[in-house]
Amino acid sequence: MGKIFDWIDRRFNLKVVHKRFLKRSLPEKITYFHCLGGAAFTSYLCLIVTGLLLSIYYVPSELEAYDSIVKIQHEVRFGKVIRSVHNWSATLFIVFIILHTLRVFIHKAYAPPRQLNWLVGTLAMLLAFASGFTGYLLPWDQKAFWATEVGTSMASTIPAIGKYIMYFIRGGLDVTGVTLIRFYSMHVLWIPFFMMMALWVHFHMVRRLGIKRNL
Amino acid sequence: MDRRIFLKKIIKTFFFSVGIITSSLSVLFIYPSNISRRKTVFFDILAEDELPRKGVKRVDFTYKHKEKDVQTGFYIVADKGSILGLSPVCSHLGCLVKYNNHEKAFICPCHGGKYDIRGQVTDGPPPKPLTELPLKIADGRVYVGIKV
Ligand code: HEM
Ligand code: FES
């Protein structure tokens, strides 16, 4: 195994490039609170793996979405487990991001020169919220429908342009099959794409600027 | 101006415009195209003698819209000698209210909005009364006007 990898590495030089990333100086006083960002990322990896699996059976259509969820839950092998892991990782993801943000806030790690990474982190957090919101509609049951009805109505309370923002999000006057499809697209294509870019930037900035030395 | 700088500027402007144009077109692409104003259409729902004398009656019916069956419902209220139709859509964020006979109130399950029997807000976050639906009575039949 090592030999095969070394052979490949002699051609691509993967090791050298990543040594810089893995071998970096850390502050002496590093705590478990510094793991919260990593914990969030780990939940995110679980979301990607289980999400890819769910998308094999899920049908994003008005007439079939609910049935396909029932099928995943009761017929597909391990379907229940995969759904459950996707749910729990989503919950933990949000929890860890919030805790990680708190840790960064308390350590004042948002201060120069790390301002930009705070902003990119905020973007990642907003994307995470958007992911949760769009994913919640996908089972297409009563709870999903009304949560989206209420959630999208909130946009309409913005003065003047609110109504149009709501139509934009819903893809029409009401929450319909059109909404389901665009939420699905956002949930599995758009948001993961932008999230990858945001995290890539986030991690590279952490490497460049280093972890803040405290106190 | 130097030829190189000039070319650079042209290329920058070109990519910048392509970026702006594609993003605006994408927003227009995503914005729904079939937003038409809703028109009020009257539906025949029940016979005149089925109207409640006093209190609240829930009426459910199905109509066809763009070749799809749409299920809907509303409330008919008989109070102080007058009859009115009330939409069950909460004015807060659009959940469906339910009439509670015990409390003589319309209660929203989402954030605790409450309306009295005439649809006026008595509690909770709703900013406006329930929408009144026009009722028409002709030849012993009752028609309700719904925006579709
Ligand atoms: C998608 C969610 C996120 C993931 C996966 C993530 C991941 C990480 C990781 C692995 C680190 C390395 C250090 C550590 O673990 O503390 C880090 C650092 C950092 N994160 Fe995040 N993060 C996320 C969201 C956020 C948010 C929402 C903010 C702030 C609004 C933020 C701000 C920062 C900052 C400023 C650092 C540098 C910390 C330092 O130098 O001490 N991150 N992030
Ligand atoms: S939607 Fe009825 S109280 Fe909020």
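The following conversation between a student and a tutor goes through a predicted model with chains A and B and a ligand.

Student: What makes the pair A:Glu62 and B:Lys68 a salt bridge?

Tutor: The side chains of A:Glu62 and B:Lys68 come to 3.5 Å, N to O, and a salt bridge asks for a side-chain nitrogen of Lys or Arg within 4 Å of a carboxyl oxygen of Asp or Glu, so the pair meets the rule. In general, side chains of opposite charge can pair when their charged atoms come close.

Student: How many salt bridges are there between chain A and chain B, and how many over all chains?

Tutor: Between chain A and chain B the count is two, while a search of the whole structure finds nine over all chains. As for the pair just discussed, A:Glu62 lies in the loop between H3 and helix H4 (65-74) of chain A and B:Lys68 lies in strand E3 (residues 68-79) of chain B, so this pair joins two chains.

Student: Why are A:Glu62 and B:Lys68 called partly exposed?

Tutor: The class runs between 20% and 50% relative accessible area. A:Glu62 has 33% relative accessibility and therefore falls in that class, and B:Lys68, with 48%, falls there as well.

Student: What else describes the contact between chain A and chain B?

Tutor: The contact takes 16 residues from chain A and 14 residues from chain B, and the area buried between the two chains is about 1,300 Å², with carbon and sulfur atoms giving 70% of that area. Across this interface there are also three residue pairs in polar contact. On the chain A side, helix H7 (142-155), helix H8 (162-170) and helix H9 (177-209) each supply at least two residues, and the largest share, five residues, comes from H7(A). By class, the side of chain A that touches chain B has eight nonpolar, four polar and four charged residues.

Student: How do you know that A:Thr152 is buried?

Tutor: Buried means under 20% relative accessible area, and A:Thr152 has 1% relative accessibility, so the residue is counted as buried. A:Thr152 lies in helix H7 of chain A, and, leaving out residues up to four places away in sequence, A:Thr152 touches A:Phe133, A:Met166, A:Ile169, A:Arg170, A:Val175 and A:Phe183.

Student: What makes the link between A:Thr152 and A:Arg170 a polar contact?

Tutor: The side chains of A:Thr152 and A:Arg170 are joined at 2.9 Å, and because a polar contact needs a pair of N or O atoms within 3.5 Å, with one able to donate a hydrogen and the other to accept it, this pair qualifies.

Student: Which salt bridge does A:Arg170 form with A:Glu149, and how do you know that it is one?

Tutor: The side chains of A:Glu149 and A:Arg170 meet at 3.5 Å, N to O, and since the limit is 4 Å, the pair counts as a salt bridge. A:Glu149 is in helix H7 of chain A and A:Arg170 is in helix H8 of chain A, so the pair ties together parts that are 21 residues apart in sequence. With 13% relative accessibility for A:Glu149 and 3% for A:Arg170, each value is under 20%, so both residues count as buried.

Student: What makes B:Asp44 partly exposed?

Tutor: B:Asp44 has a relative accessible area of 40%, which lies between 20% and 50%, so the residue is called partly exposed. B:Asp44 is found in strand E1 (residues 40-47) of chain B, and its side chain is joined to that of B:Arg141 by a polar contact of 3.0 Å.

Student: Which residues come nearest to ligand 1, and how do you know that A:His100 is in polar contact with the ligand?

Tutor: Of the 26 residues around ligand 1, A:His34, A:His100, A:Arg103, A:Gly121 and A:His202 come nearest. A polar side-chain atom of A:His100 lies 2.7 Å from a nitrogen atom of ligand 1, and because the limit for a polar contact is 3.5 Å, the pair counts as one. The residues of the shell around ligand 1 divide into 13 nonpolar, ten polar and three charged.

Terms used
Residues numbered from 1 in each chain as written. Chains lettered and ligands numbered in written order. Predicted model: local features only at pLDDT ≥ 70, side-chain atom pairs only at ≥ 80, totals over all residues. Heavy atoms only, no water. Contact = heavy atoms within 4.5 Å. Buried area = accessible area lost by both parts, 1.4 Å probe. Helix = DSSP H or I, 4+ residues; strand = E, 2+ residues; numbered from the N terminus. Nonpolar A, V, L, I, M, F, W, Y, C, P; charged D, E, K, R; others polar. Buried < 20%, exposed > 50% of the residue type's maximum accessible area, 1.4 Å probe, protein only. Near = heavy atom within 4 Å.
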